[in-house]
Amino acid sequence: MNYFTYKNSILYCEDKPVQDIAQEVGTPFYLYSKATLQRHFDAFDSGFTGMKHQTCFAVKACSNLSILNVFAKMGGGADIVSGGELFRAMKAGIEPQKIIYSGVGKTKTEIRQALEAGILMFNVESPQELGRIQEIAAEMGCTARVAFRINPDVDPKTHAYISTGLAKNKFGIPVDEALQEYLRAKEMENIEIVGVSCHIGSQLTQIDPFIEALRKVKNFVGRLEQEDIHIQHLDLGGGVGIVYNDEQPPHPTDYAAAIQAELQDMDCTLILEPGRVITGNAGILVTEVQYTKVNRGGEKEKRFIIIDAAMNDLTRPSLYKAFHEILPVQEPAEEAPRHEVDVVGPICETGDFMARDRMMPDIQPGELLAVMSCGAYGFSMSSTYNSRPKVAEVLVDGDQFRIIRQRESYEDLVRGEDLP
Ligand SMILES: *Cc1c(COP(=O)(O)O)cnc(C)c1O
């Protein structure tokens, strides 16, 4: 459920016509609905009511300060994967004791920054990382709270690039080796063991892999108990999928109920790291059609809609062959003829497309299109490839909107560059 709907044949974000914003802000831009962000956060979080839990939004999905601040005000924490994300989360008002730090490559500087901030815990992903954290905590004269990220070797049945819980993936520590690491950590002066974590992948559309992973983790927690290691935090990662096209992901409430059922007998605080399921369908990318053209050279004619947004602005179609629905901002008539088209950007790569072989009504240059479901891994994955300044981000609240990130200028593009 989101708040991007047609009213009188024009696309609205909540109570604001999308075209009105485009007129003031220019295109392309990312547009988020505050009511949708809040609704999705609440739908997810409230599923765990009755259990000690902390929802830590995965910052990499959508990292704008204003959006993080929406969650901070709702009691949300943050799952971070870099020093930059730590900086953002703190600046957005997220309390450090609600921040967890995941990722296989934490640098010394990043570890130091996180210790200075006093985050809730590090999700440690290798024996060497544990050693490094101990060393830095000792230097600083403080204690580092850690969990190990267990790799449960579970197939999440999602895109290979976003599957993270298989033994062949770079993430986490295999269950069989983890026990030894916990024992090692237990002996370390400046390490406090506080949890176990796992995160098996993203855009999961079935509950079973989560449960399979959870059972392995539970089992492992039992083994830790035998070693007199007691866990306060059980971190189940993120990964609940969303509807881009015709997927049928579990409803967050059903996901939560299934997890709760498995955890009846456990006394610890559950940590959840949702990203996509919160913001994915709370944001769109608004773009203007520049040209249309038909290439008749090949076996069959090929139609193109050329827009002013490109793979640098939204990478998912190029990177994962991801499907994004594309809606004209002015709703086409039901009976309007449709043609198969490629919707492409201006970048000099054939991989620069938003949609391929998509049935679309006739569109004229100057018309606006909305690329749907762009609120997660949209702006946060964007780049300035082809020297295209990063686009603006806008947040709607009712019938009001606010630019929450200015469109970058050409000067921004060359900031820090040196001309001899
Ligand atoms: C990316 C990531 C998440 C969020 O995944 P979603 O699929 O967006 O929910 C959570 N935890 C970790 C460790 C991640 O790397």
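## The enclosed space

A cavity is a set of grid points where a 1.4 Å probe fits but cannot get out. In this predicted model, one cavity reaches 30 Å³ or more. About 60 Å³ of space lies in the largest cavity.

Ten names make up the lining: Cys 198, His 199, Ile 200, Phe 210, Ala 213, Leu 214, Leu 236, Gly 238, Tyr 255 and Ile 259. Two elements give two or more residues each to this lining, helix 8 (208-226) and helix 9 (252-262). Helix 8 supplies the largest share, three residues. What is the character of the lining, by nonpolar, polar and charged residues? Eight are nonpolar, two are polar and none is charged.

## The ligand site

Where does the ligand sit? The ligand takes up the space of the largest pocket. Its surroundings comprise 15 residues. Lys 60, Ser 202, Glu 273, Arg 276 and Tyr 377 are the closest. The shell around the ligand has three nonpolar, seven polar and five charged residues.

## Polar contacts and cover

Three side chains can be followed to the ligand. In Tyr 377, a polar side-chain atom lies 2.6 Å from an oxygen atom of the ligand. In Lys 60, a side-chain N or O atom is 2.7 Å from a ligand oxygen atom. In His 199, a polar side-chain atom lies 3.5 Å from a nitrogen atom of the ligand. The ligand on its own has 390 Å² of accessible area, and the protein covers 94% of that area.

His 199 appears in both settings: this residue lines the largest cavity, and its side chain has a polar atom 3.5 Å from a ligand nitrogen.

Note on methods:
Residues numbered from 1 in each chain as written. Predicted model: local features only at pLDDT ≥ 70, side-chain atom pairs only at ≥ 80, totals over all residues. Heavy atoms only, no water. Near = heavy atom within 4 Å. Polar contact = N/O pair within 3.5 Å; in protein donor to acceptor, adjacent residues only side chain to side chain. Areas by Shrake-Rupley, 256 points an atom, 1.4 Å probe, with all protein chains shown as cover. 1 Å grid on protein atoms, 1.4 Å probe; cavity = no way out; pocket = protein on both sides within 12 Å on 5 of 7 lines; lining within 4 Å. Sits in = over half its atoms within 2 Å of the grid points. Nonpolar A, V, L, I, M, F, W, Y, C, P; charged D, E, K, R; others polar. Points joined across faces, edges and corners; volume = space filled by probe spheres on them. Helix = DSSP H or I, 4+ residues; strand = E, 2+ residues; numbered from the N terminus.
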